[in-house]
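Biologist: I have some "how do you know" questions about this model. Could you show it to me and take them one by one?

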Amino acid sequence: MALPVLIAPSILSADMKRLPEEIKSIEPFADWLQIDVMDGRFVPNTAFPLTQVQTIRTTLPLDIHLMVEQPAEYAREFLSLHPRNITFHAEAVRKTDDRRALLQAIRKGGATDTVGHVRRVTAGIAINPPTPLSDIADVLGEVDLLLVMSVNPGFGGQAFIPSVLEKVIEARRKHPALMIQMDGGIDASTAPLCIRAGANNLVSGNFIFRAADRAKAIASLRSSV
Ligand code: DX5
């Protein structure tokens with residue numbers, strides 16, 4: 001039975017001068033809102049420091065994608081926003097113990113609200129196109145989300161790299177219930193390839209924010225045909 005496909009627009013491609021309106025324009029149709037946090041060191045770009053993300057108001061769950069060299073430090077900071085998910089890059093955390101510690105720190109960061117119900121923050125690990133799935137064999141069975149990048153991170157509007165689909169197929173075969181997210185160059189033509197390979201969470205920036213009809217653009221990503 002196919003898992004439902006979540007759509008997470010990436011606001012890296014939105015009009016920063018009209019960010020509240022841009023978020024409102026996709027809110028009714030999207031599932032998560034992806035925030036691309038970049039430190040200018042792990043990737044050659046900087047984006048979305050905590051101070052900027054603190055000003056964002058949205059009904060959508062926040063999906064924090066840490067493209068940073070020190071994800072543990074950033075995760076601690078961003079947990080204060082009570083996000084739905086925080087994903088760090090395997091390329092930035094090389095040791096299994098450190099990966100495990102960070103996964104645990106993210107999960108434990110969930111807030112207890114008034115009725116004592118702990119809101120769970122899920123923890124994800126991301127791999128760039130050149131990184132093999134075997135690089136994360138140590139923790140793949142323990143993560144809540146796997147992000148398979150289909151572009152080299154740092155900028156929106158890049159071309160989809162189809163060879164990464166092999167990693168999605170393999171990960172889905174090994175972990176039938178895992179949330180597998182893909183990010184980079186996802187539009188109405190590449191989304192079906194991702195879904196058929198086994199992805200059930202798609203990040204898209206330029207395709208959505210360049211579309212005149214964003215409801216239609218988001219709906220087109222959910223179809224695997
Ligand atoms: C790239 C970011 C992606 C990017 C996606 O480093 O991680 O989230 O914003 O944008 P598109 O969909 O335009 O490739």
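Modeller: Happily! This is a predicted model. A good place to begin is Asp-138 and Arg-99, which form a salt bridge with their closest N and O atoms 3.1 Å apart. The pair joins distant parts of the chain, 39 residues apart: Asp-138 is in the loop between E6 and E7, and Arg-99 is in helix H4 (residues 96-108).

Biologist: What makes the contact of Asp-138 with Arg-99 a salt bridge?

Modeller: The term needs a side-chain nitrogen of Lys or Arg within 4 Å of a carboxyl oxygen of Asp or Glu. With 3.1 Å between the closest N and O atoms, Asp-138 and Arg-99 form one.

Biologist: Are these two partners buried or exposed, and how do you know?

Modeller: Buried means under 20% relative accessible area, and partly exposed runs from there to 50%. Arg-99 has 1%, so Arg-99 is buried. Asp-138 has 23%, so Asp-138 counts as partly exposed.

Biologist: Why are Glu-170 and Lys-174 said to be about one helical turn apart?

Modeller: Because they are four residues apart in helix H5 (residues 165-174). Their side chains meet in a salt bridge, 2.6 Å from N to O. Glu-170, at 28%, is partly exposed, and Lys-174, at 46%, is partly exposed too.

Biologist: Why is Lys-17 called exposed?

Modeller: Exposed means over 50% relative accessible area, and Lys-17 has 75%, so the label fits. Its salt-bridge partner Asp-15, with closest N and O atoms 3.5 Å away, counts as partly exposed because its value is 25%. Both belong to a network of salt bridges that also includes Arg-18, Glu-22 and Arg-214.

Biologist: Why does Thr-131 count as buried?

Modeller: Its relative accessibility is 10%, so Thr-131 falls under the 20% limit. Thr-131 lies in the loop between strand E6 (122-127) and strand E7 (145-149). Beyond its neighbours within four places in sequence, Thr-131 is in contact with Glu-91 and Lys-167.

Biologist: On to the ligand. What makes the approach of Gly-205 a polar contact?

Modeller: The cut-off is a pair of N or O atoms within 3.5 Å. A backbone N or O atom of Gly-205 is 2.7 Å from a ligand oxygen atom, and one of Gly-185 is 2.8 Å from a ligand oxygen atom. The side chain of Ser-10 has an N or O atom 2.9 Å from an oxygen atom of the ligand.

Biologist: How much of the ligand does the protein cover?

Modeller: The protein covers 99% of the 370 Å² of accessible area that the ligand has on its own.

Terms used: Residues numbered from 1 in each chain as written. Predicted model: local features only at pLDDT ≥ 70, side-chain atom pairs only at ≥ 80, totals over all residues. Heavy atoms only, no water. Helix = DSSP H or I, 4+ residues; strand = E, 2+ residues; numbered from the N terminus. Buried < 20%, exposed > 50% of the residue type's maximum accessible area, 1.4 Å probe, protein only. Contact = heavy atoms within 4.5 Å. Polar contact = N/O pair within 3.5 Å; in protein donor to acceptor, adjacent residues only side chain to side chain. Areas by Shrake-Rupley, 256 points an atom, 1.4 Å probe, with all protein chains shown as cover.
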